[in-house]
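Q: Please take a close look at a single part of this model and describe its surroundings in one connected account.

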Amino acid sequence: MNARSERVGEKKAGMNQEKLIYYKGLLEGKLRALLDEAEKAVNGMGRERSEDFPDPTDRASLESDRNFQLRIKDRERKLIQKIKEALDRVEDGTFGTCEACGKPISEKRLMARPMTTQCIDCKTEDEQKERLEKLRGTKDAPKFPS
Ligand SMILES: [Zn+2]
């Protein structure tokens with residue numbers, strides 16, 4: 001009975017305005033830091049020209065460096081997108097609710113990863129499924145530890 005009365009005042013999304021504002025600030029801070037980093041990476045690119053590396057080996061490593069930078073950029077871009085989506089969820093009030101099971105995501109998890117869309121249980125399940133699919137998809141995979 002007591003458990004029920006504690007729920008009085010709890011909204012559908014399960015999070016009060018103060019907390020939403022807190023997470024919004026957290027997300028905005030992360031977004032700004034990422035955008036700053038991305039800008040720095042873009043400005044740093046193209047400074048080294050391949051003409052400076054006549055040796056083919058150096059040239060190859062320069063190319064892979066560039067690929068690395070592009071991958072980082074891609075990863076950042078995805079993260080930026082995730083943060084923006086999380087900010088949208090703050091706006092529409094679904095922030096902090098697991099998109100898979102509809103239960104509230106723990107605050108500890110939200111603090112560490114405010115852009116997460118799933119509770120730890122659903123995420124773990126998801127990752128296990130992904131890992132299994134990856135293992136099944138690899139024909140010449142080394143023996144995995146039992
Ligand atoms: Zn869930």
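Where is C101 placed, and which residues does C101 touch beyond those up to four places away in sequence?

A: In this predicted model, C101 sits in the loop between α3 and α4, the latter spanning residues 107-112. C101 counts as partly exposed because 13 other C-beta atoms lie within 10 Å, whereas a buried residue needs 20 or more and an exposed one has 12 or fewer. Leaving aside residues up to four places away in sequence, C101 touches C119 and C122. Q118 is 17 residues from C101 in sequence, and their C-alpha atoms are 8.0 Å apart in space.

One of these contacts, C119, also belongs to the largest nonpolar core, a set of 12 residues. The other members of that core are M15, Y23, L27, I83, A86, V90, F95, C98, I105, L110 and M115. Two elements, α2 (17-44) and α3 (56-92), each supply two or more residues to this core; α3 contributes the most, with three. Within the core, A86 touches L27, F95 and M115, and A86 also touches P114, again not counting residues up to four places away in sequence.

As for the wider setting, the protein chain has five helices and zero strands, which follow one another along the sequence as α-α-α-α-α. Of the 146 residues in the protein chain, 11% are buried. Among contacts between residues at least 6 apart in sequence, 58% join residues at least 24 apart.

Key
Residues numbered from 1 in each chain as written. Predicted model: local features only at pLDDT ≥ 70, side-chain atom pairs only at ≥ 80, totals over all residues. Core = buried A, V, L, I, M, F, W, Y, C linked by C-beta atoms within 7 Å. Contact = placed C-beta atoms within 7 Å.
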